[in-house]
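Take a walk through this structure, from the whole chain down to single strand partners.

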Amino acid sequence: MDKYLLSLLPNILLCIICKNSIAGYGDFSDSIPIAPEREVHVLTNAVRMDPQGFRDLYIKDTNVLKTENYPPTTPLWYNHDLSRAARFHSIDMANNCGMTHQSCDGTSFANRIKSFYKTSSFIAENVATGRSTGLLTVIQWLRDDINQGVPAQDLSSNDGHRQNIMNPRYNEFGCGYAYSNTRKYNHFWTQDFGGATVKEKYKIPAGCHFNPNSSTLSYAANYYDTSGIAPKSASVFIDGKFYPMTLHLGTPGMGTYLHSTTSDGKEHCYYFVFIDGSGNSLRFPQNSILSTGQQPICENVSTISTCSPRSEINSIRTNQFSPAHSHYRLDGVKITGKLQRYYSSGIWIYGKPKAGPKSIVLIK
């Protein structure tokens with residue numbers, strides 16, 4: 001096999017698109033999560049890590065999220081089972097009975113969540129309706145208005161949604177969104193929280209795009225390093241180009257990073273890349289490519305740069321495969337050893353060198 005191809009294989013594997021059945025952290029799998037659900041996750045983490053900063057920027061009411069009542073806490077990590085539970089409930093509300101904590105068939109919220117999520121009995125749920133975006137819905141939960149324009153006091157009997165969002169005992173998170181064509185308040189949102197210990201705290205807990213206003217498109221990602229060390233770089237890869245992100249809320253080692261541009265109404269394909277304090281490259285989501293369009297992911301993107309902006313391997317094309325072959329072949333050579341372990345996990349690689357010394361094409 002060509003020595004140059006061998007040198008590229010570790011980098012190719014960093015960016016290969018995996019099957020849903022072996023989805024990596026944050027990947028789109030089983031039709032979950034969609035863009036509005038990712039938005040709620042990122043903004044929930046943003047307020048947990050910097051409650052006063054989030055309040056001053058988005059709520060503009062100093063009577064809530066006071067430092068003595070709600071200090072910063074850790075972000076929440078994505079849990080697929082909690083997301084399934086939350087999506088199920090939002091669809092149930094939209095299709096059947098409107099906003100309620102219990103299921104429309106009378107099942108309690110606790111029993112419903114436990115039917116999906118079995119790793120912890122410490123759970124909670126927030127539901128909402130009426131707002132069309134994740135940002136507005138998170139603000140709605142945080143305000144917990146007792147009268148129009150009057151938010152509930154911190155730690156009172158009326159700020160239960162705020163207490164759930166800021167509770168440091170929760171570590172895992174799922175969000176569900178559904179739309180109803182028949183109800184007056186037709187956007188239905190569910191947040192489900194779980195208290196199981198997260199063994200591997202991925203340093204990019206969540207990432208998304210959202211519209212803070214009608215003319216702006218923002219790309220946001222949470223970053224959390226247990227040591228508190230800032231990343232060496234933070235960037236979002238949009239339509240084949242890296243863009244630097246800046247700290248938006250929180251601290252460099254525990255904060256939310258942002259890149260904003262003008263909203264043009266077009267579909268853009270993107271993912272996030274951070275280089276942590278030790279020089280490790282981290283990608284979110286690990287394998288999927290997110291979309292600002294109608295579909296949650298870009299499935300037919302032909303060109304993907306490596307997971308860090310390195311010019312010598314900036315021409316890699318990938319696709320999802322399900323071949324029936326019993327082993328890998330790259331340019332007609334059987335691959336053994338380390339790559340076979342990737343194969344046993346469900347990743348298929350085929351390819352041949354293109355014309356030119358520094359490029360490779362992955363094909364069926």
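Of the 364 residues in the chain, 54% count as buried. The model is a predicted one. About 16600 Å² of the chain is exposed, and carbon and sulfur atoms supply 48% of that area. Many contacts link distant parts of the sequence. Take the contacts with a separation of 6 or more: residues 24 or more positions apart account for 66% of them.

Next comes the secondary structure. The chain holds eight helices and 20 strands.

Start with one sheet. Four strands form an open sheet in the order E1-E5-E6-E2, and their pairing is mixed. Strand E1 (77-78) and strand E2 (123-129) are the edge strands, each pairing on one side only. Look now at E5 and E6. Strand E5 (residues 172-179) and strand E6 (residues 187-194) run antiparallel, joined by eight bridges. Glu172 has Gly194 in E6 as its bridge partner.

Two helices lie across strands of this sheet. Helix H4 (residues 80-97) lies across E1, E2, E5 and E6. Its direction makes an angle of about 25° with E5. Helix H5 (residues 109-116) lies across E2 and E6. H5 runs at about 110° to E2.

Now move further along the chain, to a hairpin. Which strands form it, and how many residues lie between them? The strands are E11 and E12, with two residues between them. Strand E11 (residues 246-251) pairs with strand E12 (residues 254-262) in the antiparallel sense, over five bridges. One bridge can be picked out by name: Thr251 has Met254 in E12 as its partner.

Terms used:
Residues are numbered from 1 along each chain as its sequence is written. This is a predicted model: local features need pLDDT of at least 70, side-chain atom pairs count only at pLDDT 80 or more; totals for chains, interfaces and linings use all residues. Side-chain values use heavy atoms; hydrogens and water are left out. Two strands pair if DSSP finds at least two bridges between them. Contact means heavy atoms within 4.5 Å. Axes are lines fitted to C-alpha atoms, for helices over the stretch in contact, and angles run from 0 to 180 degrees between N-to-C directions. Buried means under 20% relative accessible area, exposed over 50%, partly exposed in between (1.4 Å probe, protein chains only). Accessible areas come from the Shrake-Rupley method with a 1.4 Å probe; for residues, only the protein chains shown count as cover.
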